[in-house]
Amino acid sequence: IMNFSDINPDIIKFSSPVEVNGSQAGNAVFFIKKDVIIKNSLKQDIILIFLPIFISLGIASIILFYGIYTDRKQIINPIIALNSSAKAIIRGNFDVKISYNSNTEIGKLCANFEKMRDELKDSIERERRIEDSRKEIITCISHDLRTPIASIKAYVDGIMDGIAKDKNTVFRYLSVIEKKTQVLTKLINDLFEHCQIELHKLSIDKKEIYSGDFLNSISDEMKLEFKNSSHKFKASEHMPNVLINIDTLRIEQVIYNLVQNAVKYTPEGGTIMFEAEIEDDYLKISVKDNGYGIDYEDMPFIFDKFYRGEKTRNSDRGGSGLGLSICKYIVEKHEGQIFVQSKKNKGTN
């Protein structure tokens, strides 16, 4: 006896009972071609085998591309930026900055590179300022030295040529020569002290003294110097007498410089006042005049090196333009402050 599969090898027979109201009413028989089942099974097998591989490759590709993107963002891009900034520095451009994430090692490298760039930029700018200052010194001092030297030569020639024949004329010529020599000495001293400041070698030797004796001695010397002057000099009768820690020579230099400036910018017959008082735990020393005053636009710059408020370099008011900047340096080295108050044609304090 042959069964169904022997007679129909290409067909698969499948039967299933059919129940109606809980009892078998018959059988359902299905005939399916064997090649359809095998074909579908092969597809399923292929899908089951290769789908995980494709999914794994896709995930790996995503991870790889993300890693490349992250590496480029955190490593490659900063390195490119470092290279660009370094090339810019070689060309003298210090303004090419680097953006970085400071939480990574590359970020820390970029941060240190930025600090190095800023320090190098500041150093070169500082060197440029010093070089400009040197050139300015040569220009200003050579200009200011020329006038008194020319005057000295003219008066010496006058004496040697016999133009000054009587003693009074000779004495007057010599007085002018002495005055111009003092101007030269002041210019040279200012230049020397400016150079010491630039080299951080201007000595400040402090010691504790009482202010009363110090200020009174300066006041007494000033009174003697103003005896033959066309200017009047007034000083506080009672100077504060407190313990101060100062370099007496340097502070005296500051006071004399301020007084000389006051005389220079005060017309004949004007008054120079020298005062001192205690204000907010500080000893406040003031030099006042009732002279020409200072233009409002000049006020912020009068303590700058080489700055002179007058619009023309009048030989009678000439100077190096260094005196007040040196005064400012000395006062600040004493942990003090120097400032000015002035109104045009109403004097300066």
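Student: Why is E332 called partly exposed, rather than buried or exposed?

Tutor: This is a predicted model, so every value here is computed from it. E332 has a relative accessible area of 43%. Buried means under 20%, and exposed means over 50%. The value for E332, 43%, lies in between, so E332 is partly exposed.

Student: What makes the contact between K328 and E332 a salt bridge?

Tutor: The side chains meet at 2.8 Å, N to O. The cut-off is 4 Å, between a side-chain nitrogen of Lys or Arg and a carboxyl oxygen of Asp or Glu. The pair passes, so it is called a salt bridge. Side chains of opposite charge can pair when their charged atoms come close.

Student: Where do K328 and E332 lie?

Tutor: Both are in helix α7. They are 4 residues apart, about one turn of the helix. K328 is partly exposed, at 30%.

Student: How do you know that K344 and D295 form a salt bridge?

Tutor: Use the same cut-off of 4 Å. Their side chains meet at 3.2 Å, N to O. That is within 4 Å, so the name fits. K344 lies in the segment after α7, and D295 in the loop between β7 and α7, so the pair ties together parts that are 49 residues apart in sequence. K344 has a relative accessible area of 44%, which makes K344 partly exposed.

Student: What makes K284 and E279 a salt bridge?

Tutor: Their distance is 3.7 Å, N to O. The limit is 4 Å, so this pair also counts. K284 is at 24% relative accessibility, and E279 is at 36%. Each is called partly exposed.

Student: How many salt bridges does a search of the whole structure find?

Tutor: The search finds 5.

Student: Which elements give two or more residues to the lining of the second largest pocket?

Tutor: They are α4 and α7. Helix α7 gives the most, with 6 residues. The lining includes K328 and E332, the pair we met above. Others in it are H194, F303 and Y329. The volume of this pocket is about 230 Å³.

Student: What classes of residue make up that lining?

Tutor: It has 4 nonpolar, 2 polar and 6 charged residues.

Student: Why can I53 belong to a surface patch?

Tutor: A patch takes residues with over 30% relative accessible area. I53 has 41%, so I53 passes that cut-off. With F54 and L57, I53 makes a nonpolar patch of about 310 Å². I53 is found in helix α2.

Student: Why is D280 called exposed?

Tutor: D280 has a relative accessible area of 65%. Exposed means over 50%, so the label holds. D280 lies in the loop between β6 and β7.

Student: What is notable about the phi of D280?

Tutor: Phi is near 55 degrees, a positive value in a residue other than glycine. Most residues other than glycine have a negative phi. N345 also has a positive phi, about 65 degrees, and is not a glycine. N345 lies in the segment after α7. At 56%, N345 is over the 50% cut-off, so N345 is exposed.

Student: How many helices and strands does the chain have?

Tutor: There are 7 helices and 7 strands. Buried residues make up 28% of the 349 residues.

Technical notes: Residues are numbered from 1 along each chain as its sequence is written. This is a predicted model: local features need pLDDT of at least 70, side-chain atom pairs count only at pLDDT 80 or more; totals for chains, interfaces and linings use all residues. Side-chain values use heavy atoms; hydrogens and water are left out. On a 1 Å grid over the protein atoms alone, a cavity is a set of points where a 1.4 Å probe fits but cannot get out, and a pocket is an open set with protein on both sides within 12 Å along at least five of seven lines; lining residues have an atom within 4 Å of a point. Grid points are joined across faces, edges and corners, and a volume is the space filled by probe spheres set on the points. Ala, Val, Leu, Ile, Met, Phe, Trp, Tyr, Cys and Pro count as nonpolar, Asp, Glu, Lys and Arg as charged, and the others, Gly among them, as polar. Patches are made of residues with over 30% relative accessible area and no salt bridge: like charges are joined within 9 Å, nonpolar side chains (Val, Leu, Ile, Met, Phe, Trp, Tyr) within 5 Å. Accessible areas come from the Shrake-Rupley method with a 1.4 Å probe; for residues, only the protein chains shown count as cover. Buried means under 20% relative accessible area, exposed over 50%, partly exposed in between (1.4 Å probe, protein chains only).
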